[in-house]
Amino acid sequence: MSRLKQYFKNESYFESPNTINSSVAGIIASDGHIRERRHDRQSVLIIALKTNDAKLLEDIKISVNSNARIINKEQEGIIFNKKNNKYYPRIKKISILSFYSGNKWADDLYRNWTINEGKKSLTLMPPNNLNDMDLCLAYISGLISGDGSIYVSYSQGHKRLRIVALGTKELLDWIRFVYCKFFNEDIRGKVKKEKPDSKIYSLQIGDLRAIKLIEKINSLNCIKLERKWLKPEVLQYIKEKRQIPFFIKRLDNIV
C-alpha cells in the first residue's frame, strides 16, 4: 500500500465555517501556505512553527483527524545585533505539518476565508463569508496566534495590556471593523505601517478592550496558541484589574 493511500484527514473540515476551523484558518493565513504540486496539480498545505510551539500543530492534527507527521528540522539563518550592528549565524528549530490536501481544502479555504495559494504576507485579503461575530473573532485569534503579539508593557511605573495584529492594510481594516462592531463603538487604534518603509501594517488595542477581547476569545471553542492567549503574565494582569471596582464598571460598560 502506498504512503498516499495510507494517509487520511477530514476532507470536509473547512467546508462550513465554525469557531474551531475558523481559528485554524487564521493560523494557516498567518503561518501556513498552500502550493500546487507540479506533477498532479494537487494542493499541499504546509504549516511551519517554531519547535517550541509544536503543540499547536498537534492540536490542529487532532482536530482535522489526520495521521500526517510533524517533522522537526533545523534551519540555518542569521540574526542582527542592534548593539554592534553585526550579523551572526544562528540555527532555527522549526516544526512542520504538511497535508496533501487535494483541491477541496484549498477551494474551501479560499471560499470561506479568502486564503489563496502562495505567499500571503503582502496579499492576504479579509474573508468574504464570515458574518457571525464569533466566527470573525475565532479567525482573528488564529491570525494573532501567528502574526501578532499580546503583552503587558511598562511605562513610567504603569502597566498596560496590549494586543497587536499584523498583516495587509485590507486585512487590518477588516479587523478594525470587526473590533468596532464587537465593542459597539469606534476604537482609537488606527491601521498604520509597522515601519516607515514596511509593506506590513499593524493595529493595536489596549487595556480595557484588550481584556474584553482576550476574555471573549478564551471563552470560544477554538484552537489557539496558548503562550499568547493564556500567557500567565497577561492572565495575572486581568485578574488584578478585575479586583478593582471602578475598573470592573468601566470594563463591563464597553459592550
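# Notebook: salt bridges, core, sheet and Asn112

**Entry 1. Lys104 and Asp108**

I began in helix 4 (residues 102–113), where Asp108 and Lys104 sit four residues apart and so are separated by about one helical turn. The model is predicted, and I read it as such. I looked up the contact between these two side chains. Asp108 and Lys104 form a salt bridge, with the closest N and O atoms 3.1 Å apart. Next I checked burial for each partner. Asp108 counts as buried, at 4% relative accessibility. Lys104 comes out at 32% and counts as partly exposed.

I then asked which residues are joined into one network by salt bridges that share partners. I found Glu15, Lys104, Asp108 and Arg111.

**Entry 2. Salt bridges between distant parts of the chain**

I searched the whole structure for salt bridges and got 14. I picked out two more pairs.

The first was Asp53 with Arg227. Their side chains meet in a salt bridge at 2.8 Å, N to O. This pair links distant parts of the chain, 174 residues apart. I placed Asp53 in the loop between strand 2 (43–50) and helix 3 (54–63). Arg227 belongs to helix 8 (residues 226–229). Are the two partners buried or partly exposed? Asp53 is buried, with a relative accessible area of 8%. Arg227 is partly exposed, with a relative accessible area of 46%.

The second was Glu215 with Arg242. I read 2.9 Å, N to O, for this salt bridge. Again the pair links distant parts of the chain, here 27 residues apart. Glu215 lies in helix 7 (residues 207–219). Arg242 lies in the loop between helix 9 (232–241) and helix 10 (245–252). I noted Glu215 as partly exposed, at 27% relative accessibility. Arg242 is partly exposed too, with a relative accessible area of 27%.

**Entry 3. The nonpolar core**

I turned to the largest nonpolar core, which has 66 residues. Which members touch the most other members? I listed Ile60, Ile115, Tyr139, Leu161, Ile175, Tyr179 and Leu213. I also looked up which element supplies the largest share of this core. Helix 6 (residues 169–183) does, with nine residues.

I followed up on Ile60. I left aside its neighbours within four places in sequence. Ile60 is then in contact with Val24, Ile27, Ile47, Leu97 and Ile223.

**Entry 4. The four-stranded sheet**

I traced an open sheet of four strands. Its order is 5-6-8-7, and the pairing is antiparallel. Strand 5 (148–155) and strand 7 (192–193) are the edge strands, and each pairs on one side only.

I looked closer at strand 5 and strand 6 (residues 158–167). They run antiparallel, and eight bridges join them. In this register, Gly148 stands opposite Ala165 of strand 6.

Then I checked what lies against the strands. Helix 6 lies across strand 6 and strand 8 (201–206). Helix 6 runs at about 20° to strand 8. Helix 7 also packs on the sheet, touching strand 5, strand 6 and strand 8. The direction of helix 7 makes about 65° with that of strand 6.

**Entry 5. Asn112 and its surroundings**

I went back to helix 4 for Asn112. Is Asn112 buried or exposed? Asn112 counts as buried, at 0% relative accessibility.

I searched for polar partners of this side chain. A polar atom of the Asn112 side chain lies 2.9 Å from the backbone oxygen of Phe14. The side chains of Asn112 and Arg111 make a polar contact of 3.3 Å. Arg111 is also in the salt-bridge network of Entry 1. The side chain of Asn129 makes a polar contact with that of Asn112 at 2.8 Å.

I widened the search to contacts, leaving aside neighbours within four places in sequence. Asn112 is in contact with Phe14, Glu15, Ser16, Pro17, Pro127, Asn128, Asn129 and Leu130.

**Entry 6. Asn129 from the other side**

Where is Asn129? I found Asn129 in the loop between helix 4 and helix 5 (133–147). Asn129 is partly exposed, with a relative accessible area of 35%, whereas Asn112 is buried at 0%.

I listed contacts of Asn129, not counting residues up to four places away in sequence. Asn129 touches Arg111 and Asn112. Last, I took a C-alpha distance. Asn129 and Trp113 are 16 residues apart along the chain, and their C-alpha atoms are separated by 6.6 Å.

Technical notes:
Residues are numbered from 1 along each chain as its sequence is written. This is a predicted model: local features need pLDDT of at least 70, side-chain atom pairs count only at pLDDT 80 or more; totals for chains, interfaces and linings use all residues. Side-chain values use heavy atoms; hydrogens and water are left out. A salt bridge is a side-chain nitrogen of Lys or Arg within 4 Å of a carboxyl oxygen of Asp or Glu. Helices (H or I, at least four residues) and strands (E, at least two) are DSSP runs, numbered from the N terminus. Buried means under 20% relative accessible area, exposed over 50%, partly exposed in between (1.4 Å probe, protein chains only). A nonpolar core is a set of buried Ala, Val, Leu, Ile, Met, Phe, Trp, Tyr and Cys residues joined through side-chain atoms within 4.5 Å. Contact means heavy atoms within 4.5 Å. Two strands pair if DSSP finds at least two bridges between them. Axes are lines fitted to C-alpha atoms, for helices over the stretch in contact, and angles run from 0 to 180 degrees between N-to-C directions. A polar contact is a pair of N or O atoms within 3.5 Å; within protein, one must be able to donate a hydrogen and the other to accept it, and residues adjacent in sequence count only if both atoms are side-chain atoms.
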